[in-house]
Amino acid sequence: MILDNKRRHFLFVLVIVSGLAACAQSNESRHSVGTSRPPTTRGATSSKDVIATTTILAALVQTVAQGKFRVHALVPAGVSPETYEPKPRDLVSLEHAALLVENGAGLEAWLHKILSSAGSPNLQVLVLSDGLPQGIRSTNNLYANPHYWLDPIYAQTYVEEISAALGRLDAPNASEYRSNAGKEISRLQALDAWIRRQVATIPPQNQAMITYHDAWYYFDRRYGIRDLGSIVSSPGKDPSAAEFAALIAKARAKHVRALFAEPEFSLKLINQLANSAHIRTVTDLYDDSLGQTAQLSTYEGVMRYDVKAIVDALKNG
Ligand SMILES: [Zn+2]
């Protein structure tokens with residue numbers, strides 16, 4: 001079994017690293033960010049590695065850390081975080097990290113399997129969606145939808161939480177993290193205003209989206225776009241024939257202009273729906289992941305790219 005091998009490999013690493021950590025940091029107590037336990041004072045041996053689960057979250061951490069921490073993502077760009085299968089190297093990364101930043105709300109179901117075995121004594125865990133108000137976290141009645149970051153207002157909350165977490169890890173530089181976060185939040189406020197102006201250029205009857213997976217639910221709600229559903233309830237969970245037929249009928253009845261998807265998913269169902277409903281497709285949105293170009297290497301760049309693609313398709317589709 002692969003899992004068994006991973007566990008064995010991990011346990012070996014754990015024994016070695018725990019032993020070292022016990023020698024070097026015997027006065028430090030283990031705790032998680034966001035608990036009521038007091039912040040840890042970390043010594044010179046402290047790790048400067050922050051692990052985010054996705055490249056998008058890593059990019060937000062980067063805007064706050066500004067090089068003071070090494071920031072890595074577990075899920076590579078172009079890979080769906082919902083269906084990611086953790087690698088043995090992820091356990092090693094977590095073992096050496098000071099902080100793990102995850103989205104939560106069901107996005108990284110695979111993470112808890114490895115975290116239950118990857119118990120680095122000093123690893124702190126920041127669950128970003130936990131910082132959103134309770135009402136926001138339960139707005140989708142059907143199932144938990146984790147894609148809060150695609151609403152730039154919620155992304156600002158994420159940035160504030162990241163700033164607080166880095167400040168707890170590295171108190172001498174806490175004011176710098178607050179300042180960096182303030183600058184990013186200003187950029188996100190400008191982004192929000194720009195998105196509103198862009199969406200306002202779409203004729204109201206065209207302001208509706210059908211997506212491959214349900215990433216744009218919060219974005220649509222923020223900007224008054226009708227979210228008419230998604231092909232899959234979650235990546236890896238294909239629809240039944242009846243569900244798929246119902247979505248085609250809805251796309252036709254509502255005269256939906258375009259179907260939106262991401263490059264990491266198969267085009268089969270996307271093309272089938274687009275052909276059946278006679279609508280165009282946009283298959284290069286970046287939502288769970290950064291892209292490979294310079295513009296697609298930041299959260300703000302990704303959002304501007306996506307919004308332009310969405311607005312173009314809905315205006316002209
Ligand atoms: Zn997703």
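The following exchange concerns strand pairing and helix packing in a predicted model.

Biologist: In what order do the four strands of the open sheet lie?

Modeller: The pairing in this open sheet is parallel. Strand 6 and strand 8 (280-282) each pair on one side only and are the edge strands. The order is 6-5-7-8.

Biologist: Which residue of strand 6 is the bridge partner of Thr-211?

Modeller: Strand 5 (residues 208-211) and strand 6 (residues 226-230) run parallel and are joined by three bridges. Within strand 6, the partner of Thr-211 is Ser-230.

Biologist: Which residue of strand 7 stands opposite Ile-210?

Modeller: Strand 5 is also joined to strand 7 (residues 258-260), by two bridges, and these strands run parallel. Opposite Ile-210, in strand 7, stands Leu-259.

Biologist: Is the β-α-β unit of strand 5, helix 7 and strand 6 left-handed or right-handed?

Modeller: Strand 5 and strand 6 run parallel. Helix 7 (residues 217-223) completes the unit with them, and its hand is right-handed.

Biologist: Why are helix 2 and helix 5 described as oblique to each other?

Modeller: The axes of helix 2 (residues 55-65) and helix 5 (residues 152-169) come within 9 Å and cross at roughly 55°. That angle lies between the 35 degrees limit for roughly parallel and the 65 degrees at which roughly perpendicular begins. The two helices are therefore oblique.

Biologist: How many residues of the contact between helix 2 and helix 5 are nonpolar?

Modeller: Helix 2 contributes Leu-60, Val-61, Thr-63, Val-64 and Ala-65, while helix 5 contributes Ala-155, Tyr-158, Val-159, Ile-162, Ser-163 and Leu-166. Two of the contact residues are polar and none is charged, and the nonpolar ones number nine.

How values were computed:
Residues numbered from 1 in each chain as written. Predicted model: local features only at pLDDT ≥ 70, side-chain atom pairs only at ≥ 80, totals over all residues. Pairing = 2+ DSSP bridges. Right-handed = clockwise from strand over helix to strand, strands pointing away. Axes fitted to C-alpha atoms, helices over the stretch in contact; angles between N-to-C directions. Parallel < 35°, antiparallel > 145°, perpendicular 65-115°, else oblique. Contact = placed C-beta atoms within 7 Å. Nonpolar A, V, L, I, M, F, W, Y, C, P; charged D, E, K, R; others polar.
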